[in-house]
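Dear colleague,

I am handing over the structure we spoke about, and below it I have set out what was found. Please read the notes with the structure open beside them.

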Amino acid sequence: MISVEGISAGAGARPLTDVSLVVPQGSYGVVIGPAGAGKTTLLEAIAGIVPLRAGRVHLSGEDVTTWPPEERRLSLVYQHAWLFPHLDVAQNVAYGEAEPGVADAMIERFGLQDVRDHDVRVLSGGERQLVALARALAHRPEVLLLDEPFGALDPRRRAAVRREVRTIYYERRFTVLHVTHDFAEAGALGDTLAVLDGGRLLQQGAPEMVLRKPATPWIAEFVGAENVFAGDARPIRDSSPDWRDGDDLEQLEHAVAFNTGALTLYALGHVLPGPAHAVIRAEEVMLSLGPRTTSVRNQFHGIVSDVTAAGALTRVTVQVTGTPIVAALTTRSAGELDLAPGREVWVAFKAMSVHLC
Amino acid sequence: MSALPRTTAPLVGGGAIATVVSGLLGSLFLLFLVGPVAGVVGSGAAEGFRLLASDSELQAALALTAASATLATLLALLGATPIAWLLERRSFRGRSVVAALLDIPLLIPHPVAGIALLLALGRVTLAGRGLELFGLHVTGSVTGIVLAMLFVSSPLYLNAARESFAKVDPRYEAVARTLGDSPWRAFRRVTLPLSRRGLLAGAIVMWARSVSEFGAIVILVYHPRVASVLIWERFNVSGLRGAVPVAAVLILLAVIPLLLLRMLRGDEIREAPRAE
């Protein structure tokens, strides 16, 4: 387990301030944030490399706040790799080897056999990151700290290495904290997700929760929400919210009318009257050529202004009374609807799909 | 970001004029620095080597000089290396003051350094009496020679060591620590190998500077004579005719470490890690 309580650390432009975070024992935690958010400083504080100004760090149930890095039973992989330039690949991997043979096994698992005797200074960026990962895992840590460890790998190799790291993680069940600025990577790997910016932790939860219920409009945009609208929220009495049996009604306490520009959206939530933001993921927005005869509360007529296909998904922007709403649908569906700029369509999404923050 | 490579390509316009003017001025400056030294070597080397085979006083002075400089350099390696590491790696109150204090020997006239050592470690002082308990006398002994060399030349090594440690990113040590190394083990396995060329270069410069030290030594120790004191004595007794051959031999002795240093730096340039 990794547990940090109210830590403040680092100095200069990227200090951490009062950060608390928990990654349960054997879980894969991911921290996302933009460049300069303090992600690396967080890992270095957990590793004992950067001294704390305040707070405590617990690893595997023990308070290690005052322990030196070598006693914390962890490994840290930097984005830069920091391979020891006076040692070859095999010597680097074996540097902190927990027992004989582990380093050789890691060299094989990461496909480094062909470069095992190479000078690390001639390796490509991707190879360097693989050596750093192998070196960290050969140490057999209880806690693995990863600082953007796949950034220099090409997309095909990145997917393969991600799978390999994930496989080793399942085999050994150590605790991982992985920082990245890539939300897709975070969603693919993490059991728990935290968002860091400006040295402060903004939100932590399951990736799905952070994705669907971002705490702030900034987080919403950072995690890829394309429909983020500023406006005014007003609770309303509504007898027919579109919830389903089994939904957590405490979360659906009241219906809300949300005015943004000339558009009024219907949502469900706890929001108080006043300024707020509405977030709707593009995947939640449905398009049709005519009005739907369903209980969906938000249904608007609009004109397609842009169609952008990216592989299997197509993003369609529809102007609804001057407000652009983006929908994501399969490229096949977009083709069937014959969508093109100027085409009249109907936009629909459930009140439950509108997150207010 | 890597530096632009030096070029031998022809230049045009103002660049060509600047190159010619720089070349002329540089040549004059080079002549000023190298000419006198080359003159001494040219006029005294042959006689100096002849004396080297027969002049036991010269042989003893050179052996004493080399041995004392070596001992002073070894003491600096032991004493100054940890200070250099602390100054580069640790932040503490008064760090800049300590760094400035350690440069003082470079700034004061060398006879003043000798006088200061005499006042601090002479027989009448507490420290001097303490040294004498161990049979060490600062005046008139090899101890004095070594201490004078150490005092005057060790800041050169210290600064070179600081520069070497500064070039080794602390994250190398951090990674080693997370892989189970204690601070000393990380220093021995990572920092030392990565900074060894710089440390060795600093030690060579210190050794060469110690070999040529005169002002501080002559205040503390006239006998036994190191090479620089012997040159001074022969100049007083026999003028240039007596001093130049010994001076030529001393210059050549100092050139050997200079060549070693250049070879080291050449290797360093070839082995520098590529930029990422």
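Contacts and rings

Of the contacts in chain A that join residues at least 6 apart in sequence, 67% are between residues at least 24 apart. Please keep in mind that this is a predicted model.

As for the overall make-up of chain A, nine helices and 20 strands are assigned to it, and its C-alpha atoms fill a box of roughly 70 × 45 × 40 Å along the principal axes. Chain A has 357 residues, of which 50% count as buried, while its accessible surface comes to about 15300 Å², with 51% of that belonging to carbon and sulfur atoms. Chain A carries 33 positive and 43 negative charges, and the mean positions of the two sets lie 2 Å apart.

Turning to the rings, there are 12 aromatic pairs over all chains. One of them is formed by B:Trp85 and B:Phe187, which meet edge-to-face with 6.3 Å from centre to centre and 85 degrees between the planes. This pair links distant parts of chain B, since B:Trp85 belongs to helix 2 (residues 56–89) and B:Phe187 to helix 9 (residues 183–211), 102 residues apart; both B:Trp85 and B:Phe187 are buried. In chain A, ring pairs link A:Tyr28, A:Tyr169, A:Tyr170 and A:Phe174 into a cluster.

Two arginines also deserve a look: A:Arg135 lies over the face of A:Phe84, at 4.7 Å from the ring centre, and B:Arg189, from the other chain, lies over the face of A:Tyr95, at 3.7 Å from the ring centre.

With best regards

Notes. Residues numbered from 1 in each chain as written. Chains lettered and ligands numbered in written order. Predicted model: local features only at pLDDT ≥ 70, side-chain atom pairs only at ≥ 80, totals over all residues. Heavy atoms only, no water. Helix = DSSP H or I, 4+ residues; strand = E, 2+ residues; numbered from the N terminus. Buried < 20%, exposed > 50% of the residue type's maximum accessible area, 1.4 Å probe, protein only. Contact = heavy atoms within 4.5 Å. Areas by Shrake-Rupley, 256 points an atom, 1.4 Å probe, with all protein chains shown as cover. Lys, Arg positive; Asp, Glu negative; His and termini not counted. Charge placed at Lys NZ, Arg CZ, Asp CG, Glu CD. Phe/Tyr/Trp six-rings, centres within 6.5 Å; stacked < 30°, edge-to-face > 60°. Lys NZ or Arg CZ within 6 Å of the ring centre and 35° of its normal.
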